[in-house]
Amino acid sequence: MSGLFGKSTLCNFRKWWLVYAVILFLVYMAFFDKNNFIARVKYQNEIDFLKEQKKTYIERINRDSLIIESMKHDVREIEKTAREKYGMKSPNEDIYIIIKENDGK
C-alpha cells in the first residue's frame with residue numbers, strides 16, 4: 001500500500017518524527033519567536049553602541065574629574081575656566097569679542 005498515507009510513509013514518519021519536530025522548533029525559534037535571530041542581531045548592535053557610549057562617557061568623566069581636582073587647588077585654573085568657558089570678567093575690565101567672517105560667505 002503506497003501513496004500519501006500508505007504504510008511505508010507512516011513508518012517513515014514514525015522513524016523521523018523527532019528530526020521533523022526539531023527542525024520545526026528551530027524554524028519557529030529563528031523566525032517567529034519574539035527573540036528571533038533578527039531581534040538578537042538588533043539587540044547586539046544596540047549593546048555595542050551602548051558600550052561605545054559608556055566608554056566615551058567614562059573618558060569624559062575622567063577628564064572632567066581631573067579639571068575639577070585642579071580647580072580645587074589652583075585659583076588661576078578657576079579664573080581661566082570662568083573666562084574661557086563662561087565669558088566672565090572682572091568688574092574693572094572690558095572684553096572685546098572678535099568674530100571672524102569667512103570670505104566665501
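Which side chain does E93 meet in a salt bridge? The partner of E93 is R83, with N and O 2.6 Å apart. This is a predicted model, and its chain has three helices and zero strands. Welcome to a short tour, which begins with the chain as a whole and then visits two of its regions.

**The chain as a whole**

- From the N terminus on, the elements follow the order α-α-α.
- The chain has 105 residues, and buried residues account for 6% of them.
- The accessible surface of the chain is about 10,700 Å², and carbon and sulfur atoms contribute 62% of that area.
- An unreviewed UniProt entry lists residues 16-32 as "transmembrane region".
- In the model, the stretch 16-32 is 94% helix and 0% strand, and the C-alpha atoms at its two ends lie 23 Å apart.

**The loop between α1 and α2**

- N36 sits in the loop that joins α1 (7-31) and α2 (37-73).
- Is N36 buried or exposed? N36 counts as buried because its relative accessibility is 14%, and the limit for buried is under 20%.
- On one side, the N36 side chain comes within reach of the backbone oxygen of F31, at 3.3 Å.
- A polar atom of the N36 side chain also lies 3.3 Å from the backbone nitrogen of I38.
- Leaving aside residues up to four places away in sequence, N36 touches M29, A30 and F31.

**Helix α3 and its ends**

- Helix α3 covers residues 75-86.
- With twelve residues, α3 reaches 16 Å from its first C-alpha to its last, which is close to the 16 Å expected at 1.5 Å a residue.
- What caps the N-terminal end of α3? D74 does, through a side-chain oxygen that lies 3.3 Å from the backbone nitrogen of R76.
- D74 and R76 are also partners in a salt bridge, where the closest N and O atoms are 3.7 Å apart.
- In that pair, R76 is exposed at 67% relative accessibility, whereas D74 is partly exposed at 28%.
- Just after α3, G87 has a positive phi of about 65 degrees.

**The salt-bridge network**

- How many salt bridges does the structure hold? There are four in the structure.
- A network of salt bridges links E79, R83 and E93.
- Within α3, R83 pairs with E79, at an N to O distance of 3.1 Å.
- R83 and E79 are separated by about one helical turn, because they are four residues apart in helix α3.
- An α-helix has 3.6 residues a turn, so residues three or four places apart point the same way.
- The other link in this network is the salt bridge between R83 and E93, at 2.6 Å from N to O.
- R83 belongs to helix α3 and E93 to the segment after α3, so this pair ties together parts that are ten residues apart in sequence.
- The three members of the network are partly exposed: R83 has a relative accessible area of 31%, E79 is at 39%, and E93 is at 22%.

Methods: Residues numbered from 1 in each chain as written. Predicted model: local features only at pLDDT ≥ 70, side-chain atom pairs only at ≥ 80, totals over all residues. Heavy atoms only, no water. Buried < 20%, exposed > 50% of the residue type's maximum accessible area, 1.4 Å probe, protein only. Expected span 1.5 Å × (residues − 1). Polar contact = N/O pair within 3.5 Å; in protein donor to acceptor, adjacent residues only side chain to side chain. Areas by Shrake-Rupley, 256 points an atom, 1.4 Å probe, with all protein chains shown as cover. UniProt positions renumbered as here; feature names shortened; annotations may be inferred. Contact = heavy atoms within 4.5 Å.
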